[in-house]
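Let's take a stroll through a protein model and see how its pieces sit together. Have a look at the picture first, then read on.

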Amino acid sequence: MSKKIYLDHAATTPVLPEAADAMRPYMTDIFGNPSSLHSFGQEARRALDGARDAAARILGADASEIYFTSGGTESDNLALIGVTEALAEKGNHIITTAIEHHAVLETCEYLRTRGVEVTCLPVDEYGLVDPTEVEKAITDKTVLVSVMHANNEIGTIEPIAEISKIAREQGIAFHTDAVQTVGHIPVNVDELGVDLLSLAAHKFYGPKGVGALYVRRGTRISPIIHGGAQERDRRAGTENVPGVVGLAEALEISQANVEERAREETDLRDYLIRELTARITDIRLNGHPTKRLPNNVNIVIEYVEGESTLLMLDMVGVAVSTGSACSAGAIEPSHVLRAIGLPLQVAQSSLRFSLGRSTTKEDLDYVLQQLPPIVARLRSLSPLVR
């Protein structure tokens, strides 16, 4: 197998060489603990502060509003648990949607066991949440609304500014999981109107195991990791200085030409959608046709199983993902695809292609050459095809 084409950038991205180079000194020479008062520690502290300044500038925030974490999952947990605990005397109700990442949905399930009421709003056939439904769901006990900026599976971009305005007018904290958008489309916390925003470095060509949570000044939030006074008493534990440096470097590079790269990826995305629908019958696009991430193509190819298609593509050197997950030996369809109304069998026929910085038209042409015969072969074996 000579070809190796990676089209799963929504899952993770390779670390940019510049980010890896920026990190390296902080793993060997500049190794001090940033909480230490001696010169070794203070050199590390300066790197930490510089990275915080950079992340804040790119997001349109103040450096004091950026808290470094271990990634998007921890950031989501800190936002949801931290706010509900801090505002427990005000109320015990939060609002979210049916298509959130498991880092939000599973945290909501945990909060239910702690007496928190959770309203999980439906979405339409494109995966869009209706802002009026958010407004209707608000009660006098609501303390937090959490709606993701863009969905990681189907790519739909939500009307965050409109929803945050509703929350703000009611004096309710608003959180968005922006793990899939930061570094890929312009993200400004004031333009979005959010009080809390989660991000993860490995989604925009930074290292794994490091992320951040933006917390607007004045937003009440309690720590969920207890210990030292790091991150201004909101996230205990020695900071991952190399990771944070890599996060900031990758974010600066990704943001430098974000609009131009988004246009290029959109052109490639739309080319792939057009050609797939022209070359394969009984195919449909999941998610909104235009209000979607520039690098996301999520499709259903009817009468074939997504897992089988994925494995056969992998055999010819193409890496993609599917909307199903193998759990305890059973194929479970994506909760996102079920939420947009796909029947069980159809939901198990999905594939997600997520493009990246290195993706070329030639890569997509190779996919378009390989996929139709794979589909034809699988359909010839399917009892669903007459």
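Before we start, one bit of vocabulary: two parts count as being in contact when heavy atoms of one lie within 4.5 Å of heavy atoms of the other. Keep in mind, too, that this is a predicted model.

**The four-stranded sheet**

With that in hand, take helix 11 (residues 258-279), which lies across strand 9, strand 10 and strand 15. Helix 11 runs at about 15 degrees to strand 10. The strands beneath that description belong to an open sheet of four, in the order 9-10-15-12, with antiparallel pairing. Which strands stand at the edges of this sheet? They are strand 9 (283-286) and strand 12 (321-322); each has a single partner strand, so one side of each is left without a neighbour in the sheet.

What holds such strands side by side? Strands of a sheet pair through backbone hydrogen bonds, either parallel or antiparallel. Here, strand 10 (residues 296-301) is joined to strand 15 (residues 350-354) by five bridges, and N296 stands opposite S354 in strand 15. On its other pairing, strand 15 meets strand 12 in the antiparallel sense over two bridges, with L351 of strand 15 as the bridge partner of T322.

Strand 15 is worth a second look. Five of its five residues are buried, so strand 15 is largely enclosed by the rest of the structure. S350, R352 and S354 point one way from the strand, while L351 and F353 point the other way.

**The seven-stranded sheet**

There is also an open sheet of seven strands, ordered 2-8-7-6-5-3-4, and its pairing is mixed. Strand 2 (66-69) and strand 4 (117-121) stand at its edges with a single partner strand each, so one side of each lacks a neighbour in the sheet. On average, and with direction ignored, neighbouring strands of this sheet are turned by 20 degrees against each other.

Strand 3 (residues 93-97) pairs with strand 4 in the parallel sense over five bridges. In that pairing, T96 has C120 of strand 4 as its bridge partner. Helix 3 (residues 39-59) lies across strand 2 and strand 7, at about 115 degrees to strand 2.

Here are three of the strand pairs for a quick comparison:

| Strand pair | Sense | Bridges |
|---|---|---|
| strand 10 and strand 15 | antiparallel | five bridges |
| strand 12 and strand 15 | antiparallel | two bridges |
| strand 3 and strand 4 | parallel | five bridges |

**A helix with two faces**

Now for helix 7 (residues 160-169). Which of its residues are buried? I160, I163, S164, I166 and A167 are. They cover an arc of only 155 degrees around the axis, which puts them on the same side of helix 7. Here is the general idea behind that: an α-helix has 3.6 residues a turn, so residues three or four places apart point the same way.

The face turned away from the buried side carries the exposed residues R168 and E169. What covers the buried residues of helix 7 includes helix 6 (131-137), strand 5 (142-146), strand 6 (173-177) and helix 8 (189-192). After helix 7 comes G171, with a positive phi near 70 degrees.

A167 also helps us place D195, a residue in the loop between helix 8 and strand 7 (196-200). The two are 28 residues apart along the chain, and their C-alpha atoms are separated by 9.9 Å. Is D195 buried or exposed? Buried means under 20% relative accessible area, and D195 has 17%, so it counts as buried. Leaving aside residues up to four places away in sequence, D195 touches I172, A173, F174, Y214, V215, R216 and T219.

**Empty space**

How much space lies in the largest pocket? About 570 Å³. Of the 36 residues that line this pocket, H101, H102, N152, E153 and R352 are the closest to its centre. Helix 4 gives the most to the lining, with three residues.

The structure also holds one cavity of 30 Å³ or more, and about 30 Å³ of space lies in the largest cavity. Among the residues that line the largest cavity are H9, A10, V179 and Q180.

Methods. Residues are numbered from 1 along each chain as its sequence is written. This is a predicted model: local features need pLDDT of at least 70, side-chain atom pairs count only at pLDDT 80 or more; totals for chains, interfaces and linings use all residues. Side-chain values use heavy atoms; hydrogens and water are left out. Buried means under 20% relative accessible area, exposed over 50%, partly exposed in between (1.4 Å probe, protein chains only). The arc is that of the directions from the helix axis to the C-beta atoms. Two strands pair if DSSP finds at least two bridges between them. Axes are lines fitted to C-alpha atoms, for helices over the stretch in contact, and angles run from 0 to 180 degrees between N-to-C directions. On a 1 Å grid over the protein atoms alone, a cavity is a set of points where a 1.4 Å probe fits but cannot get out, and a pocket is an open set with protein on both sides within 12 Å along at least five of seven lines; lining residues have an atom within 4 Å of a point. Grid points are joined across faces, edges and corners, and a volume is the space filled by probe spheres set on the points.
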